[in-house]
Amino acid sequence: MNNEREFRTVRGYQILDAESKALTASMEDYLEMIYRTCGEEGYARVNRLAERLNVRPSSTTKVIKKLKDLGLVNYQKYGVIKLTEKGKALGSFLLKRHEVIEEFLKILGVEETRLKDTEMIEHDVSLSTLRGLYTLNRFLRETPDVMKQYEAFRIKLKGSDDFL
Ligand code: ZN
C-alpha cells in the first residue's frame, strides 16, 4: 500500500470514527452505494439509488438529507447527488471495506450467504481486523499454490465426518 492509499484509508476510517454516532448502518449503505454509482455512472440520483438499494425513493430522500447535514453529499441541478471531499474519502473507505470482506468470504467458500454476511460484518468490523483480512486476501492471492492447498483442504474437510 503506498502512502497516498494509506492516507486515504486512514482518513476514511477517521471520518467514520468521528461520525460513528451520527452514521447508522443504513446511512453507510447509502454512502457506499452513492460512491459506487458515481464511480460507475458519473453521478447519482434519488430514483437510481432507490432502485439499486431496493428501497422507496421517499426513504432515500430522507437519508440523503441526513448525509447532506453531515456534509457528506450535496445536491446539484436536476436532482444530481454528488459527494463532497469528505464524502468521497468515506465512500471510498466503505467500498473498500465491503470488497475486502466479500473477497475474504469468497476465499472461505461462502456462496449463497456471501452478500448478506458481508452486509452484516462490514458495519461493525474494526480497522485492525479489516487490515488483517486485507493482508490475508493479498497473501493468498499472491501465493496461488497456498490458495490451492487451502481450497483442497477446505473441500476435503467439508466432505469428512468431523466437519462442523
Ligand atoms: Zn456494503
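Q: What makes the largest nonpolar core a core, and which residues have the most contacts inside it?
A: In this predicted model, the largest nonpolar core holds 34 residues. Membership takes a buried residue of a listed nonpolar type, joined to the others through side-chain atoms within 4.5 Å. Leu23, Leu31, Ile34, Leu67, Val73, Ile81 and Leu90 have the most contacts inside the set. Nonpolar side chains tend to be buried together in soluble globular proteins.

Q: Which elements give two or more residues to this core?
A: They are α1 (3-18), α2, α3 (46-53), α4 (57-69), β3 (80-83), α5 and α7 (127-142). Helix α5 gives the most, with 8 residues.

Q: How do you know what the secondary structure of the protein comes to?
A: A helix needs at least four residues and a strand at least two. On that count there are 8 helices and 3 strands. Read from the N terminus, the order is α-α-β-α-α-β-β-α-α-α-α.

Q: What makes an atom a donor of the zinc ion here?
A: The limit is an N, O or S atom within 2.8 Å of the metal. The protein donors lie 2.2 to 2.6 Å from the zinc ion, so they qualify. Glu32 supplies OE twice, His98 supplies ND1, and Glu122 supplies OE twice. Water is not among the atoms, so the site may look incomplete.

Q: Why is it said that the pair of glutamate 32 and histidine 98 ties together parts far along the sequence, and how many residues apart are they?
A: The donor spacing reads E-x65-H-x23-E. Glutamate 32 sits in helix α2 (residues 25-41) and histidine 98 in helix α5 (residues 85-108), so the pair links parts 66 residues apart in sequence.

Q: Why is glutamate 32 called buried?
A: Buried means under 20% relative accessible area. Glutamate 32 has 5%, so it counts as buried.

Q: How do you know whether histidine 98 is buried or exposed?
A: Its relative accessible area is 3%. The cut-off for buried is under 20%, so histidine 98 is buried.

Q: What does histidine 98 touch, leaving out residues up to four places away in sequence?
A: A contact needs heavy atoms within 4.5 Å. By that test histidine 98 touches Glu32, Arg36, Leu115, Thr118, Glu119 and Glu122.

Q: Why does valine 80 count as it does, buried or exposed?
A: Valine 80 lies in strand β3. Its relative accessibility is 12%, under the 20% limit, so valine 80 is buried. Leaving out residues up to four places away in sequence, valine 80 touches Tyr43, Ala44, Arg45, Asn74 and Tyr75.

Q: What makes the phi of asparagine 54 stand out?
A: Phi is near 60°, a positive value in a residue other than glycine. Asparagine 54 lies in the loop between α3 and α4.

Q: Why is asparagine 54 called exposed?
A: Exposed means over 50% relative accessible area. Asparagine 54 has 71%, so it is exposed.

Q: How many of the residues of the protein count as buried?
A: Of 164 residues, 36% count as buried. The protein exposes about 10,400 Å², and carbon and sulfur atoms supply 54% of that.

Q: How many side chains of the protein are positive and how many negative?
A: Lys and Arg count as positive, Asp and Glu as negative. That gives 29 positive and 26 negative side chains, and the centres of the two sets lie 7 Å apart.

Conventions. Residues are numbered from 1 along each chain as its sequence is written. This is a predicted model: local features need pLDDT of at least 70, side-chain atom pairs count only at pLDDT 80 or more; totals for chains, interfaces and linings use all residues. Side-chain values use heavy atoms; hydrogens and water are left out. Buried means under 20% relative accessible area, exposed over 50%, partly exposed in between (1.4 Å probe, protein chains only). Accessible areas come from the Shrake-Rupley method with a 1.4 Å probe; for residues, only the protein chains shown count as cover. The place of a charge is taken as NZ of Lys, CZ of Arg, CG of Asp or CD of Glu. Donors are N, O and S atoms within 2.8 Å of the metal (3.2 Å for Na, K and Ca); water is not among the atoms, so sites may look incomplete.
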